[in-house]
Amino acid sequence: MEAKPSQLRLEPLLWILFSAGGVVAAFLIPVHLFLQGIAFPLGWARTPDYTTTTALVAHPLVRLYLFVLCSVPLFHFAHRIRYTLYDGLQIKHLNEVIAVCCYGSAVLGTLVAGFLLWNIH
Amino acid sequence: MKSPASTPAYTLNHPRWYRKRVSTYWWLQRWEYLRFVLREVSSVFVAFFVVTTLVQLYGLSRGPEAYAGFQNWLKNPFVIALNVVSFFFVVFHSITWFSLSARAMVVRIGGKRVPGALISGSNYAAWLVVSAVIAWFLLRG
């Protein structure tokens, strides 16, 4: 079997991003989601106001953290959905299209996150 | 049947592999399969969380009114319900990820393999600590 050179170089990177995204999502997202999506809206805890949040996000390390929090889980999502569509729903004839759409959306989300975090003040 | 001598340009037989047709809904047939697919589907909720966070950052960059608008959107009962569902899926991802890492990571100390329960146990402990630190940052404001 002859593999395309581009696939050979890209697959391990995508696998690493999937794995890193899985770790980030497993450790960090539940607490964020619980506070932001459930506890704050229901009034179980006081929602951080605009000024405290902007002061927090102003710190470069917090921005870096938020960038990682947003970007790698998107690659995790892309990888899983790609193979779920492949194995689960057996959509095999659209393999390339699905891969481009999945990883493309992850790249797009990463760019948006970078742009927003770079320009926030 | 013609003999190979009379037909020199014969074609080789290419038998197609026998493959049993698998139903598109194979993952509904057993709980283990369904659990696998639900684990994969949890990534959709991970993506939903990221998109929400990006919208939040956008609101933050637009100013106090836009940010208040985002916070009000979060108070919509449908959004809260969606976030509750998301939360369960994301926790499901965490649990499956930690038990997976116990099998994927082979740690040896003194030539003996560290039992998987210890690896996933330390993962859970780290999860608790990390969550507490993040909660402290978000709750002290």
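## The largest pocket

In this predicted model the largest pocket encloses about 590 Å³ of space, where a pocket is an open set of points on a 1 Å grid over the protein atoms alone, reached by a 1.4 Å probe and having protein on both sides within 12 Å along at least five of seven lines. Grid points are joined across faces, edges and corners, and the volume is the space filled by probe spheres set on those points. The lining (residues with an atom within 4 Å of a point) consists of 33 residues, and those nearest the centre of the pocket are His32(A), Leu56(A), Tyr65(A), Leu66(A) and Leu138(B).

Both chains contribute: at least two lining residues come from each of helix H1 (5-39), helix H2 (50-57) and helix H3 (60-88) of chain A, and likewise from each of helix H1 (31-62), helix H2 (64-74) and helix H4 (116-139) of chain B. H1(B) gives the most, with six residues. By class the lining has 20 nonpolar, twelve polar and one charged residues, with Ala, Val, Leu, Ile, Met, Phe, Trp, Tyr, Cys and Pro taken as nonpolar, Asp, Glu, Lys and Arg as charged, and the others, Gly among them, as polar.

## Basis of the values

Residues are numbered from 1 along each chain as its sequence is written, while chains are lettered from A and ligands numbered from 1 in the order in which they are written. Local features need pLDDT of at least 70 and side-chain atom pairs count only at pLDDT 80 or more, whereas totals for chains, interfaces and linings use all residues, and side-chain values use heavy atoms, with hydrogens and water left out.

## Chain B and its second helix

Chain B has four helices and two strands, which follow the order α-α-α-β-β-α from the N terminus on; helices (H or I, at least four residues) and strands (E, at least two) are DSSP runs numbered from the N terminus. Of its 141 residues, 34% are buried, meaning under 20% relative accessible area, with exposed set at over 50% and partly exposed in between (1.4 Å probe, protein chains only).

In H2(B) the buried residues are Tyr67(B), Phe70(B), Gln71(B) and Leu74(B). Viewed down the axis of H2(B), these residues fall within an arc of 100°, so they line one face of the helix; the arc is that of the directions from the helix axis to the C-beta atoms. Glu65(B) and Asn72(B), on the other side of H2(B), are exposed.

## Selected buried residues of chain A

Thr53(A) lies in helix H2 of chain A and is buried, with a relative accessible area of 11%. Apart from its neighbours within four places in sequence, Thr53(A) is in contact (heavy atoms within 4.5 Å) with Pro48(A), Leu60(B) and Tyr67(B), and Tyr67(B) is one of the buried residues of H2(B).

Phe40(A), in the loop between H1 and H2 of chain A, counts as buried at 2% relative accessibility. Its contacts, again leaving aside neighbours within four places in sequence, include Pro48(A), Leu138(B) and Leu139(B), and Leu138(B) is also among the residues nearest the centre of the largest pocket. In helix H3 of chain A, His79(A) is buried with a relative accessible area of 3%, and His79(A) touches Leu14(A), Trp15(A), Phe18(A) and Tyr103(A), not counting residues up to four places away in sequence.
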